[in-house]
Amino acid sequence: GTASLIIDTATVSGLTISPLASTAVKGTKVKFSATAQYSDGSSRVVTNQVSWSASKPSIAHINGAGVARAHKIGTVTIKAKFGSMSASTSLTVVTGP
């Protein structure tokens, strides 16, 4: 018999987060996603594989699935790290409608 072996040598060349510059009402949640770009031109959603953090957890915290919960009014930087790549965006928490 024969077998095929495919070796992928693509390396991570970038990381993006969406949505960018979000606004959330206090007490609600926002779902972020992370996408890695590779040197071969491909991309892959890596939301559950990145390390998520929030610059001011008292305003909003984010879990490992990319879901941020808005606690109090203010602006926080949401950051994702995947290997040597990182990306960030802002989340502004406002009062209700």
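In which sense do β6 and strand β9 pair, and over how many bridges? In this predicted model, β6 and strand β9 (residues 74-82) are joined by 4 bridges and pair in the antiparallel sense. Within this pairing, Ala54 stands opposite Ile78 in β9. The two faces of β6 are unlike in their surroundings: Trp52 and Ala54 make up a covered face, whereas Ser51 and Ser53 make up an uncovered one. Trp52 counts as buried because its relative accessibility, 11%, is under the limit of 20%.

Trp52 also takes part in an aromatic contact. A search of the whole structure finds 1 aromatic pair. This pair is formed by Phe32 and Trp52 and is tilted, with 6.5 Å from centre to centre and 45 degrees between the planes. Phe32 lies in the loop between β3 and β4 (33-38), while Trp52 belongs to strand β6 (residues 51-54), so the pair ties together parts that are 20 residues apart in sequence. Phe32 has a relative accessibility of 0% and therefore counts as buried.

A further set of strands forms an open sheet. Its 3 strands follow the order β3-β8-β7, and the pairing is antiparallel. β3 (29-31) and β7 (60-62) stand at the edges with a single partner strand each, so one side of each is left without a neighbour in the sheet. From one strand to the next, the twist averages 20 degrees.

The contacts of β8 with its two partners can be described in turn. On one side, β3 and strand β8 (residues 67-70) pair in the antiparallel sense over 3 bridges. Here Lys29 stands opposite Arg69 in β8, and Val30 stands opposite Ala68 in β8. On the other side, 3 bridges join β7 to β8, and these strands run antiparallel. His61 stands opposite Arg69 in β8. β7 and β8 form a hairpin with 4 residues between them, and Gly66 in the turn has a positive phi of about 85 degrees. The side chains alternate along β8: Ala68 and Ala70 point to one face and are buried, while Val67 and Arg69 point to the other and are not.

The buried nonpolar residues were examined next. The largest nonpolar core has 24 residues, and those with the most contacts inside it are Leu15, Phe32, Val46, Val50, Trp52, Ile78 and Leu91. Both members of the aromatic pair, Phe32 and Trp52, are thus named in this group. At least two residues of the core are supplied by each of β1 (12-18), β4, β6, β7, β8, β9 and β10 (85-94). β9 gives the most to this core, with 4 residues.

Leu91 illustrates how residues from separate parts of the sequence come together. When its neighbours within four places in sequence are left aside, Leu91 is in contact with Ser22, Thr23, Ala24, Val30, Phe32, Ala60, Ala68, Gly74, Thr75, Val76 and Ile78. One of these, Ser22, is found in strand β2 (residues 22-25). Ser22 has a relative accessible area of 8% and is therefore buried. With its own neighbours within four places in sequence left aside, Ser22 is in contact with Val30, Phe32, Ser90, Leu91 and Thr92. Val30 and Phe32 appear among the contacts of Leu91 and also among those of Ser22.

Terms used:
Residues numbered from 1 in each chain as written. Predicted model: local features only at pLDDT ≥ 70, side-chain atom pairs only at ≥ 80, totals over all residues. Heavy atoms only, no water. Pairing = 2+ DSSP bridges. Axes fitted to C-alpha atoms, helices over the stretch in contact; angles between N-to-C directions. Buried < 20%, exposed > 50% of the residue type's maximum accessible area, 1.4 Å probe, protein only. Contact = heavy atoms within 4.5 Å. Phe/Tyr/Trp six-rings, centres within 6.5 Å; stacked < 30°, edge-to-face > 60°. Core = buried A, V, L, I, M, F, W, Y, C linked by side-chain atoms within 4.5 Å.
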